[in-house]
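Here is a short tour to read alongside the model. Keep the viewer open and follow the topics in whatever order suits you.

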Amino acid sequence: MTDLRLDVEDLHSWYGESHILHGASFHVNRGEVVTLLGRNGAGKTTMMRALMGVVRQRKGKIILDGNDLLSTPPHRVAKLGLGYVPEERGIFSSLNVAENLVLPPVVKPGGMSISDIYKLFPNLKGRDGTIGTRLSGGEQQMLAIARILRTGADFILLDEPTEGLAPVIVDDIAHALKTLKSMGLTIILVEQNTRFATGCADRHYVMEQGRIVDEFSNDMLDADMSKIDAYLGV
Amino acid sequence: MPELFGVPVVVLLGQIMLGLINGSFYAVLSLGLAIIFGMLNVINFAHGALYMMGAFITWILLSTVGINYWAALIVAPLVVGLFGVVVERLALRHLYKVDHLYSLLFTFGLALALEGLFRYIYGSAGKPYPVPEQLTGVFKLGFMILPIYRAWVIIAALLVCLLVWLVIEKTRLGAWLRAATENPSLVTAFGINVPLMVTLTYGFCVGLAGFAGVLAAPIYQVSPGMGSSLIIVVFAVVVIGGLGSVGGSILTGLSLGVIEGLTKTFYPSASTIVIFVVMAIVLIIRPAGLFGREA
Amino acid sequence: MTTLLHKTLSFANNRAVRWLALLVLATALLVAPFTVYPLFLMNVFCFVLFASALNLVLGYAGLLSLGHAAFFGGAAYVTAHTAKAWDWPFEIAVLAGMCFAAILGLFMGLIGIKRYGIYFAMITLALAQMIYFLAVQMPFTNGEDGIQAIPRGTLLGLIDLSDIRAMYFVVLGFVILGMLLIWRCIHSPFGHILAAIRENEPRAVSLGLDVARYKLIAFVLSATLSGLAGSLKVLSFQLAALNNVSWHLSGEVVLMTLIGGLGTFVGPIIGSTFVVALEHFLATSGLPVSLVIGIIFMACVMLFRRGVWGETKARIAAMIEKPDSDRH
């Protein structure tokens with residue numbers, strides 16, 4: 001049986017005058033890892049921001065576990081269990097690593113303890129006093145994921161976690177992601193790196209010009225790979 | 001009588017002490033300005049008027065209902081802070097989207113209106129306020145005589161500054177404030193009610209100005225113009241120190257107070273303008289200010 | 001409806017109609033001193049020039065100066081002193097005031113122009129307060145009493161200006177000259193460059209423009225014209241006082257420009273006339289001037305930031321559904 005967690009229907013969104021999302025619809029089931037694939041400017045990041053309520057100009061339907069996100073004030077969204085790892089990582093330069101790590105308030109019981117986090121991301125250990133933005137790109141990415149895991153959020157939005165990272169670090173992040181999946185977390189992953197995406201995900205959505213235009217199951221992917229490549233213009 | 005550079009040491013120390021008192025007020029006010037600027041991107045011109053309001057509330061409480069200094073020390077900042085909350089909710093909030101200059105102009109108008117209001121009701125003349133009896137008298141330090149109330153003002157102001165600094169630099173709440181200064185929408189996405197935090201920050205900093213006003217009441221005469229003359233000097237302090245650093249604004253405020261005090265000893269007629277001269281020199285040498293990050 | 005509006009507007013744009021309007025205005029200005037209190041009108045003229053001069057930096061170059069009273073009041077003191085204590089003739093005393101304002105403007109501009117927005121506002125405010133304190137302390141200003149009974153002298157040794165109507169026309173003439181200079185300036189390539197800087201400074205820099213230099217020139221020009229306004233006012237009223245250098249005045253002139261409409265030629269004229277008339281009315285009404293001014297200020301910022309003239313133009317532009325390209 002499938003257990004629907006997120007249902008997005010006919011979602012439109014705007015930045016001021018420019019209309020970015022043009023009626024996108026998709027859904028995510030409990031415990032699934034779903035990717036949003038698509039070229040630059042397809043609206044993937046806007047989709048994440050619209051889900052979180054960072055972008056306020058929205059129309060359509062977003063239902064998370066029975067809650068209407070369009071009418072939820074932006075600071076209440078996190079309390080529904082949504083954890084956001086933004087594209088630019090959002091590590092604060094005026095906070096050290098320890099402060100960055102404990103910045104987001106706990107939203108649900110069952111979050112990871114600090115020692116579990118260090119087990120998952122050993123690189124972060126012993127860096128407490130370092131200014132957040134002095135970490136390497138990979139470490140900043142780990143910190144951005146780690147601080148969300150601490151809050152007990154069970155639905156993670158990951159926006160391009162591998163962007164600009166060395167292959168070794170990408171492997172570390174992939175490993176972490178598999179651990180999270182095995183813990184039963186639900187994840188939406190925005191990716192350009194198809195190899196990374198296919199290694200972690202259950203299903204894939206393709207976005208084009210603010211719409212979801214296609215869907216693939218990871219099992220059937222080998223047959224459809226050429227189609228995906230065509231979408232992404234590889 | 002011992003002398004230093006031709007000035008009796010007693011006089012010199014007395015002026016430094018007066019300078020430290022002025023410096024304490026500069027520090028408390030510029031600290032508030034810096035935090036408000038960080039969170040709201042607003043230069044709060046009304047800060048001086050709200051300081052004046054704090055002093056006036058203290059005076060009104062005593063002269064009409066007989067509420068004493070110690071109660072005023074709590075009540076006046078609260079009233080001023082609440083007033084600030086209302087101002088932020090009704091007005092400033094709607095100006096964040098437009099050019100920062102408009103919020104400066106709004107608070108400029110607010111300062112004019114408040115000063116005009118108090119002048120209309122209470123007249124321009126200064127009102128004396130008695131030093132609370134627990135703090136009357138002097139410390140005889142041998143080398144100088146220090147009125148107890150002045151020592152109290154310096155200690156209270158410094159303690160408040162230190163406390164605010166600690167909260168901002170060392171606590172979780174402070175981390176939220178710093179993070180929200182950098183990236184408010186991400187902090188909101190983490191589940192923190194940033195607009196509420198902004199309102200409370202403004203209320204708190206404005207309450208600090210009110211607190212400074214209470215401290216000032218027994219030292220300076222309580223008058224409608226006391227805020228505007230102070231706020232312009234504090235602006236110069238803020239330009240010298242830069243708005244980027246809370247610790248920097250405390251330090252700059254205190255040291256400029258002392259510089260002013262020293263000028264009063266050696267060249268009294270320049271004492272009113274010395275801070276502006278320092279500002280001009282700093283701007284020529286270091287256009288971004290001493291601790292400055294360009295806004 | 002729209003075509004009717006088009007017709008009305010093209011009628012208003014008609015050269016002949018414009019000349020007719022100017023003719024009416026000129027007649028009114030000629031007749032006015034014989035019907036209205038001339039000193040009031042001279043006060044209005046001085047503030048029209050002052051607000052328009054401020055508009056040159058605030059509206060066209062996008063620099064908020066909160067220190068313009070220093071130019072206005074500083075020049076007023078210099079003119080007052082040279083005319084009274086040194087018996088300098090009218091023209092030279094006015095020129096001395098303008099020179100003082102220009103030098104002060106250059107000094108303030110050089111110090112502040114590199115800092116943006118709010119910092120610039122704070123710097124000009126603080127430096128102007130320095131001038132205020134100097135005016136309080138320097139012996140020649142007579143502190144609180146001010147310089148009184150300043151002789152107006154004669155224009156070019158010919159026209160005796162102690163006659164108030166003669167003085168009226170001289171003030172009017174100088175203000176018109178100042179306004180023409182501002183008009184020329186904003187419709188010249190220099191004015192267009194200022195507008196380009198205000199709209200998008202990084203782009204102006206990338207086009208290779210020496211932005212700081214243009215801003216500085218505009219600032220000094222604005223200071224000089226503000227000085228002219230101050231000098232004319234002080235000779236009209238024959239009194240130089242501290243209120244001409246106080247921060248309240250710097251704020252009021254910003255309000256005049258804002259109320260009328262930033263970055264429009266007509267706006268400051270409307271705004272300053274309104275505020276001067278309002279203050280004239282308030283002075284006798286017993287209502288507190290700065291309370292009312294402060295409230296208007298706040299209302300203006302909250303409700304119509306484009307000002308009376310800016311709002312009118314925007315409404316008309318919206319009604320005929322055509323982008324408003326022409327800025328005056």
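The notes below go from the core and the chain contacts to the strands and helices.

This is a predicted model, so local features need pLDDT of at least 70, side-chain atom pairs count only at pLDDT 80 or more, and totals for chains, interfaces and linings use all residues. Residues are numbered from 1 along each chain as its sequence is written, while chains are lettered from A and ligands numbered from 1 in the order in which they are written.

**Core and B–C contact**
- The largest nonpolar core (buried Ala, Val, Leu, Ile, Met, Phe, Trp, Tyr and Cys residues joined through C-beta atoms within 7 Å) has 271 residues. Buried means 20 or more other C-beta atoms within 10 Å of the residue's own, with C-beta atoms placed from the backbone.
- B:Ala236, B:Met279, C:Met122 and C:Ala126 touch the most other members of this core.
- Helix α3 (residues 38-60) of chain C supplies the largest share of this core, 16 residues. Helices (H or I, at least four residues) and strands (E, at least two) are DSSP runs, numbered from the N terminus.
- Contact here means C-beta atoms, placed from the backbone, within 7 Å; by that rule, 36 residues of chain B meet 37 residues of chain C.
- On the chain B side, α4(B) gives the most, with 16 residues.
- That side divides into 27 nonpolar, seven polar and two charged residues. Ala, Val, Leu, Ile, Met, Phe, Trp, Tyr, Cys and Pro count as nonpolar, Asp, Glu, Lys and Arg as charged, and the others, Gly among them, as polar.
- Among the residues touched by C:Ala126 are B:Ala236 and B:Met279, not counting residues up to four places away in sequence.

**Strands of chain A**
- An open sheet of four strands runs β2-β1-β4-β5 in chain A with antiparallel pairing (strands pair if DSSP finds at least two bridges between them).
- Its edge strands are β2 (18-29) and β5 (67-68).
- Strand β4 (residues 58-64) of chain A joins β5(A) over two bridges, and A:Ile63 stands opposite A:Asp68.
- In β8 (residues 186-190) of chain A, five of five residues are buried.
- A:Thr186, A:Ile188 and A:Val190 point one way from β8(A), and A:Ile187 and A:Leu189 the other.
- β8(A) pairs in the parallel sense with β3(A) over four bridges and with β7(A) over five.

**A helix of chain B**
- Helix α2 (residues 47-65) of chain B reaches 26 Å, close to the expected 27 Å (1.5 Å times one less than its number of residues).
- Just after α2(B), B:Gly66 takes a positive phi of about 70°.

How values were computed
A residue is buried if 20 or more other C-beta atoms lie within 10 Å of its own, exposed if 12 or fewer, and partly exposed in between; C-beta atoms are placed from the backbone. Two residues are in contact if their C-beta atoms, placed from the backbone, lie within 7 Å.
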